[in-house]
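Here are some exercises to work through with the structure open beside you. Try each task before you read its solution.

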Amino acid sequence: MDTKSLQKSLLFQPAVQDISVRVNEVPDTKTARSTYVKPARWRTTAWLVAGDTLAVAFVLYVVHVMSLWVSPSFASTVLASAPLIVGSILVLYTATGFYRMAVMHPVEELRSLTAVLAGVAIASPMLVYLATDQVAASIITAAGAIFAMVALPLARIITRIIGGYLPWWGIPAVVVGGSEETRQVVDTLRRWPEIGLRPVPVCTAAGLFNGSSGASPEALRWANQHGVPYAVLVENGMEPEQQTRRLAHYSQFFEHVFCVPATQGRAAAWATTPTCKGLHGFGVRHFQHQPGARMVKRALDIAGAAILLFMLLPVFAVIAAAIKWTSAGPVFYRQTRMGYKGETFTLVKFRTMYTDADMRLEELLERDPQARTEYECYHKLQHDPRVTDVGKWLRRYSLDELPQLLNVIRGDMSLVGPRAYMPKELFEMRGLGRVVLQTPPGITGLWQVSGRNNVSFSGRVDLDVHYVHNWSPWLDLYLLARTLPVVLLGKGAH
């Protein structure tokens, strides 16, 4: 295969770099060979096994400590049984397909794992009681099993999130389609690498959809030679017969072939709320219409916000002192925002701007057209003259958002949800405000972990709509877990 043929049909970038879907921008064959990481599924599987092993060991350690307090005789039994319990859980995971299905959205994995572990939580106390005839041991086992139902699925999510930062993580996949159509799919795989698909090359070519051939033979041969097992085909207005021929053609070269509809206006190519199992298509299912789901969400909000407030009181004191010491004005900043069903409330944040912020902004936008364009697009500025030195640091690590825990306890907000929009922004939401306002806004959410301030205002609205359409308690837990690395690394903050 010569270099020119490869360049005409493949876009190749390392998986850890930003991927732009453009045609004829491929390094030469020598460069491609030096940057390509050959697929090795055992690495991804081994990483998941290691994370699960550590998580089960941690749960057993907690049970062991509980036993030392309540039933010391049972503590030695827990310790002696640890290898057997760890092995049994790993065998259960293997039997139920959690290592075979390396490619899965963490929200679906969280839901499935919790269901499997619920069965274990029901059975294990009864088995322990039959084996030991000790009520205390059975109670300890039940408490440990309930703890495992929360800890083990969350540990799997964290394992996937950390794995997404590793260069060899994931199963390689080629994304096939026109450059504009593949952009959304590639962006999804790049933003959420924990799904498990890594876009190694992107196949784009002129006349891609002529007949059943699709990408050039050189592109398919290259993927086959390098053992790429997945192909993601982006559909765009194709006839059913053409889709069938195209699917049959690519199935000759790839172990797995996915077809993704190229639908405009969708913020992500993944969904977490199947509507009719067994039917091909996509839709929405609103859990927030279920009273039980709303009650669970509210209970978790109150408990989580109260615990965080208690733990972070020293941090509040340090931040308040830093704000007062470095700039004149109040510690807190209050602003009117829209909440559930459009009702307005007063949002509380740590003050990060000077008291004459509005005047500074007007002066900048009048003399700097580029800054005006940036502000109109993002409703934020990368180099904002209104922000104090302490405010820049607070914003980078989202510490200015902490007082919103008070809004959560009051019921104005949730821990996870859409952005809290200002009333004046409603007219710029393209009529989608009615969707976004179906649920309370959150301190964190889908757009906050998808680029934060690097996402345009229109993109934030689309991501919030996607969150509302796919909301579930499992999605909230996933976004909470994903928020931590985003905040610690200061990704997308300015």
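**Exercise 1: a buried charged group**

Arginine 156 and glutamate 109 are both buried (under 20% relative accessible area with a 1.4 Å probe, counting protein chains only; exposed is over 50%, partly exposed in between). A word on the ground rules: this is a predicted model, in which local features need pLDDT of at least 70 and side-chain atom pairs count only at pLDDT 80 or more, while totals for chains, interfaces and linings use all residues. Residues are numbered from 1 along each chain as its sequence is written, and side-chain values use heavy atoms, with hydrogens and water left out.

Task: find what joins arginine 156 to glutamate 109, and trace the network around them.

Solution.
- Step 1. Look at the side chains: arginine 156 and glutamate 109 form a salt bridge, 2.6 Å from N to O. The term stands for a side-chain nitrogen of Lys or Arg within 4 Å of a carboxyl oxygen of Asp or Glu.
- Step 2. Place the partners: arginine 156 sits in helix α6 (residues 135-163) and glutamate 109 in helix α5 (residues 106-132), with their positions 47 residues apart in the chain. Helices here are DSSP runs of H or I with at least four residues, strands are runs of E with at least two, and both are numbered from the N terminus.
- Step 3. Check glutamate 109 for another partner: a salt bridge also joins it to arginine 160, where the closest N and O atoms are 2.6 Å apart. Since glutamate 109 belongs to helix α5 and arginine 160 to helix α6, this pair ties together parts that are 51 residues apart in sequence. Arginine 160 is buried, like glutamate 109.
- Step 4. Now take a pair elsewhere: arginine 410 and aspartate 412 meet in a salt bridge of 3.4 Å, N to O. Arginine 410 is exposed at 56% relative accessible area, whereas aspartate 412 is buried at 17%.
- Step 5. Follow shared partners: salt bridges join Asp52, Glu109, Arg156 and Arg160 into one network. The whole structure holds eleven salt bridges.

**Exercise 2: two tryptophan rings**

Task: decide how the rings of tryptophan 47 and tryptophan 168 are arranged.

Solution.
- Step 1. Begin with the full search, which finds nine aromatic pairs. Rings of Phe, Tyr and Trp (its six-membered ring) pair if their centres lie within 6.5 Å; planes under 30 degrees apart are stacked, over 60 edge-to-face, and the rest tilted.
- Step 2. Apply this to tryptophan 47 and tryptophan 168: the centres are 6.2 Å apart and the planes at 75°, so the pair is edge-to-face.
- Step 3. Locate them: tryptophan 47 is in helix α3 (residues 41-70), and tryptophan 168 is in the loop between α6 and β2 (171-176), 121 residues away in the chain.
- Step 4. Judge exposure: tryptophan 47 is partly exposed at 26%, as is tryptophan 168 at 25%.

**Exercise 3: two unusual backbone angles**

Task: are aspartate 133 and serine 398 buried or exposed, and what is the sign of phi in each?

Solution.
- Step 1. Recall the background: most residues other than glycine have a negative phi.
- Step 2. Aspartate 133 has a positive phi near 60°. This residue lies in the loop between α5 and α6 and is exposed at 57% relative accessibility.
- Step 3. Serine 398 also has a positive phi, about 60°. Its place is the loop between α14 (389-396) and α15 (404-410), and serine 398 is buried at 19%.
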